[in-house]
Amino acid sequence: MPLALLKVSVTPEKRPIAIGGLMAVDVILCGVIPAFTGWAVAVVGWRFLFLIAPLLCLVSLWLTSRYVPESPVQPGRRLDVVGVALIGATLLALVVGLAAAQNGILRPETWAPLVISPVLAAIFVLHARRTPEPAVDLALFRSAPFKVALAATLTLNFLIAGLGIVLGQFGSVVLSLSPESVGLLYLPGTLLIAGTVILAGNLIGKCGPRPVMISGLVVMAASGLLLAATAGPAMALWLLVPTTWLCNLGSVVTSASVSETVLSQAPPGHSGAVASVQMALAMTGAAFGPTVYVLLLNLFFRRQWLMDAKSRGLSVARAGRAVDAVRSGLAQTPGSTVYDSNLLRQASGLDLGLDFADGLRLTMLTVSILPLVVAVLAFLLMPRRKKPTVRHG
């Protein structure tokens, strides 16, 4: 809804700057909240976290009722309940199938949702073509910039959510960092990122969203490649700060250009529907990120400890028991540091800290390809901003 309100309340010329301001507020909150919540859990307790959202909601409700004017109601418009339900079921089945894939591809819990999801998507397409007022107008997807923008918003949310998961696991399991320390990784440079995204809004107004989107995606790829190059059991904490900072910077810069591209494609009276498509893809990316990152991390971690066991002459069964012992300890005491690489090396001959770090490096190297691919698509498919012609009288 904020993007839809912005579309109808700001002129097209000022919209990129307004989007930059909106993203600046967002990034300040994203930098402050992890540090604050990490502190609150340690000092007050985790139940306190559930009071934050209601308080913010009350403030937002008052601001909305006080300052947002009521938009004119369009007579004859109906809500496409069937279409909304089909979209939700399609995305839900896809996420459930991917989440179950880490326990085995051939299990019914994995392949059944993955088969159901495209079937529901096809049913939605048929429904949208026959419905006078579908939940999503399929004509929007004929626009190449619109499709690239949706791919970019899926990518940036996929990367930012996935990085949060691997930072938590790698930081606590291998680097022995507390939840407060992991949360503080998001704080440095927050104000600088907020200023940069405001600058990005101005650049979008002058140069168009294409170069800004490409730049943001490249920065996110650089974040992943930096972690892929530096991750290790003895990794210095300060190296995680630029990794997190670059990912946050690239995500908000990309998001600003995506929002401008999506809103520019919205027909009159359809701002809410078009903005909701962007948010649906954003939430899908946020759901895919942790799922796929964990899937890849488990895959590469298994590959690394199997190679480690083979090089040391250990049987697969003995190495597997050592890994299961670590996972069992983590599951019994979540949030605490129970991993001791030296103890495990003496017990089984494996160096699981190094194996986990190598799995993380391969994971980050793999996912960093995605923003580069989308950046290439943006370069090829999005139009360049035409320079104004100067007439000589």
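Is F158 buried or exposed? In this predicted model, F158 is buried, with a relative accessible area of 10%; the limit for that class is under 20%. The residue serves here as an entry point to the aromatic pairs, the nonpolar cores and one helix.

F158 forms an aromatic pair with Y293. In general, such a pair is described by the distance of the ring centres and the angle of the planes. For F158 and Y293 the centres are 5.5 Å apart and the planes enclose 55°, a tilted arrangement. Y293 is likewise buried, at a relative accessible area of 1%. The pair joins distant parts of the chain, since F158 belongs to helix 6 and Y293 to helix 11, with the two positions 135 residues apart.

The total is four aromatic pairs. Another of them comprises F141 and F146, whose ring centres are separated by 5.5 Å and whose planes stand at 80°; because angles over 60 degrees count as edge-to-face, this pair is edge-to-face. The two partners differ in exposure: F141 is partly exposed, at 30% relative accessible area, whereas F146 is buried, at 0%.

The nonpolar cores come next. In soluble globular proteins, nonpolar side chains tend to be buried together. In this model the largest nonpolar core has 40 residues, and F170, L227, L240, L360 and M364 have the most contacts inside it. At least two residues of this core come from each of helix 6 (144–174), helix 9 (209–230), helix 10 (237–264), helix 11 (271–311), helix 12 (316–332) and helix 14 (352–367). Apart from neighbours within four places in sequence, L240 is in contact with L167, L175, L177, L185, L227 and M235. A second core, separate from the largest, has 23 residues, including F124, L140, F146 and A378. F146 thus takes part both in this second core and in the edge-to-face pair with F141.

Helix 14 contributes to the largest core and can be followed along its length. Its 16 residues extend 22 Å from the first C-alpha to the last, close to the expected 22 Å at 1.5 Å a residue. Among its buried residues are L352, F356, L360, T363, M364 and V367. An α-helix has 3.6 residues a turn, so residues three or four places apart point the same way. L360 and M364, both buried in helix 14, are also among the residues with the most contacts inside the largest core.

Two arginines, finally, are placed over aromatic rings. R66 lies over the face of Y67, 4.9 Å from the ring centre, and R384 lies over the face of F379, at 5.5 Å from the ring centre.

Technical notes:
Residues numbered from 1 in each chain as written. Predicted model: local features only at pLDDT ≥ 70, side-chain atom pairs only at ≥ 80, totals over all residues. Heavy atoms only, no water. Core = buried A, V, L, I, M, F, W, Y, C linked by side-chain atoms within 4.5 Å. Buried < 20%, exposed > 50% of the residue type's maximum accessible area, 1.4 Å probe, protein only. Helix = DSSP H or I, 4+ residues; strand = E, 2+ residues; numbered from the N terminus. Contact = heavy atoms within 4.5 Å. Phe/Tyr/Trp six-rings, centres within 6.5 Å; stacked < 30°, edge-to-face > 60°. Lys NZ or Arg CZ within 6 Å of the ring centre and 35° of its normal. Expected span 1.5 Å × (residues − 1).
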